[in-house]
Amino acid sequence: MKSATLSTVGAPCNLPGQIRALLPAAKGSLREVRKPCIRPNCRACKQGRKHLCFILQWNDGKRGRCAYVPLSLVADLRKAIANGRRIERLLSQAGAQMVTEVGKRRQEHCHEMARQ
Ligand SMILES: [Zn+2]
């Protein structure tokens with residue numbers, strides 16, 4: 001866990017840097033499933049353990065999609081998905097901050113108007 005990234009959350013001018021630090025990022029869900037194989041006398045399949053494989057599910061904007069994930073990619077993909085969630089959180093905070101900043105400025109403006 002990078003505490004430097006978390007401690008600077010809330011500084012909109014640093015948003016590109018914060019996002020860059022979280023790349024590569026991805027969105028989707030990684031599912032663990034057990035599948036039978038095609039080998040006729042497979043021990044794992046006979047004992048019901050079958051074979052572990054990973055599926056990535058995501059939405060392309062129109063519909064849900066999925067694809068098998070090679071085992072060599074699972075760890076990196078997990079990390080990228082976690083980074084994607086952090087980036088989404090940063091974007092939510094950035095939006096909220098934009099609104100509060102504008103709200104503050106508007107209040108200041110109203111005070112000035114009242115004084116005149
Ligand atoms: Zn098998």
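**A tour of the three-stranded sheet**

Begin by selecting residues 51–59, which make up strand 2, and then add strand 3, to which strand 2 is joined by six bridges, the two strands running antiparallel. Keep in mind as you look that this is a predicted model.

Next, pick out N59 and look across to strand 3, where G64 stands opposite. From here, follow the chain through the turn, because strand 2 and strand 3 form a hairpin with four residues between them. Within that turn, select G61, which has a positive phi of about 105°.

Now move to the other neighbour of strand 2 by selecting residues 29–35, which are strand 1. Seven bridges join strand 1 to strand 2, and this pair also runs antiparallel. To see one of these pairings, select R34 and then L52, the residue in strand 2 that is its bridge partner.

Finally, show the three strands together: they form an open sheet in the order 1-2-3, with antiparallel pairing. Strand 1 and strand 3, the latter covering residues 64–69, are the edge strands, and each of them pairs on one side only. If you turn the view slowly, look for the twist, which averages 35° from one strand to the next. While you turn, remember that in a regular strand the side chains alternate between the two faces of the sheet.

Conventions. Residues numbered from 1 in each chain as written. Predicted model: local features only at pLDDT ≥ 70, side-chain atom pairs only at ≥ 80, totals over all residues. Pairing = 2+ DSSP bridges. Axes fitted to C-alpha atoms, helices over the stretch in contact; angles between N-to-C directions.
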